[in-house]
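Thanks for making the time this morning. I would like to take you through two parts of one model, so please have the sequence and the structure open while I talk.

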Amino acid sequence: MTDAPAPFELLAGAPHSPVLLHVPHSSRLLPPDVRAGIVLDDADLERELDHITDSHTDEIAAVATASAGTAPWRFVNRLSRLVVDPERFPDEREEMLAVGMGAVYTRTTHRAELRPAGFDPTPLVGRYFDPYAEAMTRAVDARLAATGRAVIVDVHSYPTAALPYELHGDGPRPPVCLGTDAFHTPPALLAAARRAFAGFGGVGTDSPFAGTYVPLAHYGRDARVGALMVEIRRDLYMSEPGGPAGPGARALGAALAALVDAVTDEMPGAGPAA
């Protein structure tokens, strides 16, 4: 028996919902043995968590679920991305390896040492990354089996000012950034998101962050899987870098619910972008 928290959680929505809200970066929790492998002292670790955590995005997704006409499913990472980042490629395809932020981070947001030189990421990948990927694959397969399609909406946030780790931080930083994939983001999904978030002062695409999460078993292969990343600039809903949520969080949750409803009700059988 163990009282350790589950590393991730699938929260059931309506049986006929195709939508899976994915919340990978909202937690600050580090298991003690993982914390022991990080070189930062406690104060520096808290500051790093302030910067790297997509704080309150789980709350925004919860508001969306409660507000939507048809409740979406939610897949929530209950551990910090400093344990593993489930959205990275686990191999050389990952461009963030260039700044020490592949599936297992070795550098901080300010490019300081996070884990010691020569750190072997393999045990963390096997213990946390692989089971997460397998569970997400099963969750998507379940939506496909139940509804004939799956739509992953990836819920993130990002800081108002670029951090040193960002490879593309010199581009636009709109209030809401929509990350797309040429195969998995159909035009109707992108258009629905633009409408849903139109009231927040501007919606951009693929800057400062691009792409969206799809399990590798489906990535580039299964046109029934749609996907979109929603990146919310943090000044819309919280005190930066790691402060409390404000009233903007509920408004953003309502907008996310509008997107969920549009996807559920208006987009049967949407295919990939050309």
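What follows is a short walk around one strand and its partners, and then a look at a cavity.

Please keep in mind throughout that this is a predicted model. Let me begin with strand β5, which covers residues 176-179. In a regular strand the side chains alternate between the two faces of the sheet. Here, V176 and L178 point one way from β5, while C177 and G179 point the other way, and each of these four residues is buried.

Which strands does β5 pair with, then? On one hand there is β6, residues 203-205, which runs parallel to β5 and is joined to it by three bridges, with T205 of β6 as the bridge partner of L178. To get from β5 to β6 the chain passes through helix α5, residues 187-196, and this β-α-β crossover is right-handed. On the other hand there is β7, residues 225-233, which runs antiparallel to β5 and is joined to it by four bridges; in this pairing, C177 has E231 of β7 as its bridge partner.

Let me turn now to the cavities. Searching the whole structure gives two cavities of 30 Å³ or more, and I will speak about the second largest, which holds about 50 Å³ of space. What sort of residues line the second largest cavity, by class? Seven of them are nonpolar and two are polar, with no charged residue in the lining. If you want to find the place on your screens, the lining is made up of P7, F8, N77, L79, S80, V83, V84, Y128 and Y132.

Key:
Residues numbered from 1 in each chain as written. Predicted model: local features only at pLDDT ≥ 70, side-chain atom pairs only at ≥ 80, totals over all residues. Heavy atoms only, no water. Buried < 20%, exposed > 50% of the residue type's maximum accessible area, 1.4 Å probe, protein only. Helix = DSSP H or I, 4+ residues; strand = E, 2+ residues; numbered from the N terminus. Pairing = 2+ DSSP bridges. Right-handed = clockwise from strand over helix to strand, strands pointing away. 1 Å grid on protein atoms, 1.4 Å probe; cavity = no way out; pocket = protein on both sides within 12 Å on 5 of 7 lines; lining within 4 Å. Points joined across faces, edges and corners; volume = space filled by probe spheres on them. Nonpolar A, V, L, I, M, F, W, Y, C, P; charged D, E, K, R; others polar.
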